[in-house]
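The following paragraphs offer a guided reading of one protein model, intended for a reader who meets it here. Please keep the sequence and the three-dimensional view at hand.

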Amino acid sequence: MIIIKSYTWFVLVLSIASLTSIPTAISAQEPAFLDQVLNDRDCRNCYFISLEVSSIAYCGKVVVENDDLFSFLSTVNGLDFQGYNNYMKDLLRGGKPLILDGAVIGQEGLSLNIEGMGSNQFRIPKTNDDLERILAKGCIETLRQYFLDGEIDSKEKGSSRGCRGFLLNQKKGKLMIKKALPTEVEAALIAHLFDWQIPVRMDDISGRLVIGK
């Protein structure tokens, strides 16, 4: 039996594997962004959710598609759609970990696998030097490097509209990643974009990462 809980305060759990350098800061996502990603359920490839989890096997960030997470929590915790939304908003806004008993790290160390959920659905982020270097330049530059063509006007980089406002101002309809990344590095990019309130999913046709507006 799998028990899933959320605690109001920090829970110290022994971690056998610490495989990610993704920060664990409290989320500051706006309600509109959370509604956009959490309401995305009836889809072939839904928006990714980035959240903290704690288990004996692993403590840290994971990324998972919203419909997969909803299906899992609905089955295990008996949450309906509205209950799921409220539950996840409470976790994400408070920076609380999802406590998972019985989880094991996948054979290649790239996922956290749990009974009742398909393998490799909880993806473990791991950065590399190239990603770290680009992320350090900020959200807009990260979008340019991975999703946009050409240079960005210096005024845009310092715009008060922020990264989300910059994204909404882009005329290109589908912003697809230029080049596929290794699975664990792609998961790390997804986690950072989520923290920057940039919704991403896998494209239904190409299977590559795309940004939603």
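With an angle of 110 degrees about the S-S bond, the link between C43 and C46 is right-handed. The model in which this link appears is a predicted one. The sulfur atoms of C43 and C46 lie 1.7 Å apart; a pair of cysteine sulfur atoms within 2.5 Å is taken as a disulfide, and C43 and C46 form one. C46 has a relative accessibility of 0%, so C46 counts as buried.

A search of the whole structure yields 2 disulfides. C139 and C163 also form such a bond, with their sulfur atoms 1.9 Å apart. Here the angle about the S-S bond is -65 degrees, and the link of C139 and C163 is left-handed. Because C139 belongs to helix α5 (residues 139–146) and C163 to helix α7 (residues 162–168), this pair ties together parts that are 24 residues apart in sequence. Both C139 and C163 are buried. When the bonded cysteines of the chain are numbered in sequence order, the pairing reads 1-2, 3-4.

The nonpolar interior may be considered next. The largest nonpolar core has 31 residues, of which I49, L51, L69, M88, L100 and F122 touch the most other members. At least two residues of this core are supplied by each of α1, β2 (48–54), β3 (59–65), α2, α3 and β4 (98–100). The largest share, 5 residues, comes from α3. A second core, separate from this one, has 28 residues and includes C139, Y146, I190 and A191. C139 thus appears both in this second core and in the disulfide with C163.

Helix α2 merits a description of its own. This helix has 12 residues, and at 1.5 Å a residue it should span 16 Å; its end C-alpha atoms are 16 Å apart, so the expected and modelled spans agree. Within α2, the residues N66, D67, L69, F70, F72 and L73 are buried. An α-helix has 3.6 residues a turn, so residues three or four places apart point the same way. Just after α2, G78 adopts a positive phi of about 70 degrees.

The aromatic rings provide further contacts. The count of aromatic pairs comes to 4. In one of them, the rings of F33 and F194 have centres 5.2 Å apart and planes at 65 degrees; angles over 60 count as edge-to-face, so this pair is edge-to-face. F33 is in helix α1 (residues 31–38) and F194 in helix α8 (residues 183–195), and the pair links distant parts of the chain, 161 residues apart. F33 and F194 are both buried.

F70 and F81 form another edge-to-face pair, at 6.0 Å centre to centre and with 90 degrees between the planes. Since F70 lies in helix α2 (residues 66–77) and F81 in helix α3 (residues 81–94), the pair ties together parts that are 11 residues apart in sequence. The relative accessibility of F70 is 14%, so F70 counts as buried, whereas F81, with a relative accessible area of 26%, is partly exposed. Together with Y84, F70 and F81 form one aromatic cluster.

Two arginines are placed over aromatic rings. R41 lies over the face of F81, at 3.8 Å from the ring centre. R201 lies over the face of Y47, at 4.1 Å from the ring centre.

Definitions and conventions. Residues are numbered from 1 along each chain as its sequence is written. This is a predicted model: local features need pLDDT of at least 70, side-chain atom pairs count only at pLDDT 80 or more; totals for chains, interfaces and linings use all residues. Side-chain values use heavy atoms; hydrogens and water are left out. Rings of Phe, Tyr and Trp (its six-membered ring) pair if their centres lie within 6.5 Å; planes under 30 degrees apart count as stacked, over 60 as edge-to-face and the rest as tilted. Helices (H or I, at least four residues) and strands (E, at least two) are DSSP runs, numbered from the N terminus. Buried means under 20% relative accessible area, exposed over 50%, partly exposed in between (1.4 Å probe, protein chains only). A charge sits over a ring if NZ of Lys or CZ of Arg is within 6 Å of the ring centre and within 35 degrees of the ring normal. The expected span of a helix is 1.5 Å times one less than its number of residues. A nonpolar core is a set of buried Ala, Val, Leu, Ile, Met, Phe, Trp, Tyr and Cys residues joined through side-chain atoms within 4.5 Å.
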